[in-house]
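Colleague: Could you walk me through this model before I go back to the bench? I'd like to ask things as they come up.

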Amino acid sequence: IWPFSGPSVFAGASPKAADTSMAAAETAPRKTIQEVKDAVALSKTFGMKTESLCQEAPIEDVARCRELAGERLFCALLRRHADAYEGLEGVAVEKEKCASVDIMENSVEATKDERLEADAKEA
């Protein structure tokens with residue numbers, strides 16, 4: 001066993017334990033882009049940013065505004081750090097979805113436009 005590849009026999013672990021932990025790592029499920037997206041979206045910083053971007057939205061639009069702002073922020077992050085996410089399960093689908101998202105569009109205005117379009121369809 002190579003001493004830097006996991007638990008070492010020099011650290012008191014048996015060679016069998018090292019083989020078991022390495023096998024478990026090889027069979028562990030791959031991380032998905034959705035898991036990354038969820039972790040980012042639940043971070044305090046991300047929440048504060050979406051809140052800041054939507055502070056001028058009417059109260060009835062705040063939730064949708066934060067959702068749209070979150071999508072735009074994540075797409076910007078994905079574009080900036082594309083190499084870091086390469087190989088994650090679902091990244092191609094997420095990139096395709098982000099290709100149609102205008103990350104420069106104001107989230108408050110986008111929410112307002114979306115609501116107006118929905119109201120027009122109902123009328």
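**Talking through the helices**

Modeller: Let me begin with one helix of this predicted model: the face of α6 that is turned away from its buried side carries the exposed residues A92, V93, E96 and A99.

Colleague: And which are the buried residues of α6?

Modeller: Those are V91, E94 and C98. They cover an arc of only 60 degrees around the axis, which puts them on the same side of α6.

Colleague: What covers the buried residues there?

Modeller: The cover includes α2, α4 and α5, the last of these being residues 82–85.

Colleague: Why does V91 count as buried?

Modeller: Its relative accessibility is 7%, and because buried means under 20%, V91 counts as buried. Leaving aside neighbours within four places in sequence, V91 is in contact with I33, L78 and Y85.

Colleague: How far apart are V91 and I33, in sequence and in space?

Modeller: They are 58 residues apart in sequence, while their C-alpha atoms are 5.5 Å apart in space.

Colleague: Which residues make up the largest nonpolar core?

Modeller: That core has eleven residues, namely I33, V36, F74, C75, L77, L78, Y85, L88, V91, C98 and V101. The elements giving two or more residues to this core are α2 (33–41), α4 and α6 (91–99), and α4 gives the most, with four residues.

Colleague: What does L77 touch, not counting residues up to four places away in sequence?

Modeller: L77 touches V40 and Y85 on that count. There is also a second, separate core of five residues, which includes A57, C65, A69 and V108.

Colleague: Changing topic, where does T32 lie, and is T32 buried or exposed?

Modeller: T32 lies in the loop between α1 (15–27) and α2, and at 18% relative accessibility T32 counts as buried. Once neighbours within four places in sequence are left aside, T32 is in contact with L88 and E89.

Colleague: Let's go to α7. What span should its 16 residues have?

Modeller: At 1.5 Å a residue, the 16 residues of α7 (residues 107–122) should span 22 Å, and the C-alpha atoms at its two ends are 23 Å apart, which agrees.

Colleague: Which residues of α7 are buried?

Modeller: The buried residues of α7 are S107, V108, A110 and T111. Seen down the axis of α7, they fall within an arc of 165 degrees, so they line one face of the helix. On the other side of α7, E117 and A120 are exposed.

Colleague: What do the buried residues of α7 pack against?

Modeller: They pack against α3 (44–53) and α4 (62–80).

Colleague: And what happens at the start of α7?

Modeller: There, a side-chain oxygen of N106 reaches to within 2.7 Å of the backbone nitrogen of V108.

Colleague: Stepping back to the whole chain, how many helices and strands are there?

Modeller: The protein chain has seven helices and zero strands. Of its 123 residues, 26% count as buried.

Colleague: How much of the contact count comes from residues 24 or more positions apart?

Modeller: Such residues account for 60% of the contacts in the protein chain that have a separation of 6 or more.

Colleague: Last one: how much area does the chain expose?

Modeller: The protein chain exposes about 8,700 Å², and carbon and sulfur atoms supply 58% of that area.

Notes: Residues are numbered from 1 along each chain as its sequence is written. This is a predicted model: local features need pLDDT of at least 70, side-chain atom pairs count only at pLDDT 80 or more; totals for chains, interfaces and linings use all residues. Side-chain values use heavy atoms; hydrogens and water are left out. The expected span of a helix is 1.5 Å times one less than its number of residues. Buried means under 20% relative accessible area, exposed over 50%, partly exposed in between (1.4 Å probe, protein chains only). The arc is that of the directions from the helix axis to the C-beta atoms. Contact means heavy atoms within 4.5 Å. A polar contact is a pair of N or O atoms within 3.5 Å; within protein, one must be able to donate a hydrogen and the other to accept it, and residues adjacent in sequence count only if both atoms are side-chain atoms. A nonpolar core is a set of buried Ala, Val, Leu, Ile, Met, Phe, Trp, Tyr and Cys residues joined through side-chain atoms within 4.5 Å. Accessible areas come from the Shrake-Rupley method with a 1.4 Å probe; for residues, only the protein chains shown count as cover.
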